[in-house]
Amino acid sequence: MGQGSSGHRVTGLQHLLNAHGASLTVDGRFGPGTHAAVVSFQKAKALDADGIVGPRTWQALITTVRSGATGHTVRAAQALLNAHGATLDVDGEFGPATHTAVVSFQKAEALDADGVVGPATWKALVN
């Protein structure tokens with residue numbers, strides 16, 4: 001995914017970049033600001049700073065979130081769950097509704113339905 005992309009995956013990406021210190025407006029459009037934030041993040045993580053979000057960049061962006069978590073990473077998970085049919089408020093609060101949506105998504109994807117958004121769940125959410 002790179003410049004010119006749009007949609008829920010970009011929204012999730014923008015929230016994740018904000019979780020890592022960017023201050024992007026989350027609009028679901030991969031424009032110059034998002035590109036610059038991706039390149040900056042990639043440089044900071046010693047990745048190929050090409051501005052393209054591939055598997056290695058996604059892996060570096062994600063962190064495990066579970067019930068009780070708050071912030072941009074939870075917003076990313078909520079936005080991506082909504083892209084897969086959930087109807088969550090993207091409020092950054094990992095409460096009961098988010099937990100239920102995660103479990104439902106995990107069951108649909110034949111993942112361990114533990115309600116925790118870890119590496120396998122993130123991978124399914126962004127693909």
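**Exercise 1. Work out how α4 passes α6, and what the two helices touch with.**

Start with the handedness: in this predicted model, α4 passes α6 in a left-handed crossing.

Next, get the geometry. Two packed helices are described by the angle between their axes and the distance between the axes. Here α4 (residues 72–83) packs on α6 at about 50°, and the axes sit 9 Å apart. Angles under 35 degrees would count as roughly parallel, and 65 to 115 as roughly perpendicular. The pair is therefore oblique.

Now look at who meets whom. On the α4 side you'll find Thr-73, Ala-76, Ala-77, Leu-80 and Leu-81, facing Trp-122, Leu-125 and Val-126 of α6. Sort those residues by class and you get seven nonpolar, one polar and no charged.

**Exercise 2. Do the same for α1 and α2.**

Geometry again: helix α1 (residues 8–19) and helix α2 (residues 32–44) have axes that come within 11 Å and cross at roughly 50°. That makes α1 oblique to α2. As for the hand, this crossing is left-handed.

Then the contact: α1 brings Leu-13, Gln-14 and Leu-17, while α2 brings Thr-34, Ala-37, Val-38 and Phe-41. The class count for α1 with α2 comes to five nonpolar, two polar and no charged residues.

**Exercise 3. Decide how α1 and α4 are oriented, and find the residues between them.**

The axes of α1 and α4 come within 7 Å and cross at roughly 175°. Over 145 degrees counts as roughly antiparallel, so α1 is roughly antiparallel to α4.

From α1, the contact takes in His-8, Arg-9, Thr-11, Gly-12, His-15, Leu-16, Asn-18 and Ala-19. From α4, the residues are His-72, Thr-73, Arg-75, Ala-76, Ala-79, Leu-80 and Ala-83. By class, this contact of α1 with α4 has six nonpolar, seven polar and two charged residues.

Among the α4 residues listed here are Thr-73, Ala-76 and Leu-80, and those three also meet α6.

**Exercise 4. Describe the largest pocket: its volume, its lining, and the helices that build it.**

Rolling a probe the size of a water molecule over the atoms shows where empty space is left. For the largest pocket, that space is about 170 Å³.

List the lining next: Arg-9, Pro-55, Trp-58, Gln-59, Ile-62, Pro-119, Trp-122, Lys-123, Val-126 and Asn-127.

Now assign helices. Both α3 (55–61) and α6 (119–126) supply at least two lining residues each. The largest share, four residues, comes from α6.

Finish with the classes: the lining divides into six nonpolar, two polar and two charged residues.

One last link back: Trp-122 and Val-126 are in the pocket lining, and both also take part in the contact of α6 with α4. Arg-9 lines the pocket as well, and it is part of the contact of α1 with α4.

Note on methods
Residues numbered from 1 in each chain as written. Predicted model: local features only at pLDDT ≥ 70, side-chain atom pairs only at ≥ 80, totals over all residues. Heavy atoms only, no water. Axes fitted to C-alpha atoms, helices over the stretch in contact; angles between N-to-C directions. Left-handed = near helix turned anticlockwise from the far one by under 90°. Contact = heavy atoms within 4.5 Å. Nonpolar A, V, L, I, M, F, W, Y, C, P; charged D, E, K, R; others polar. 1 Å grid on protein atoms, 1.4 Å probe; cavity = no way out; pocket = protein on both sides within 12 Å on 5 of 7 lines; lining within 4 Å. Points joined across faces, edges and corners; volume = space filled by probe spheres on them.
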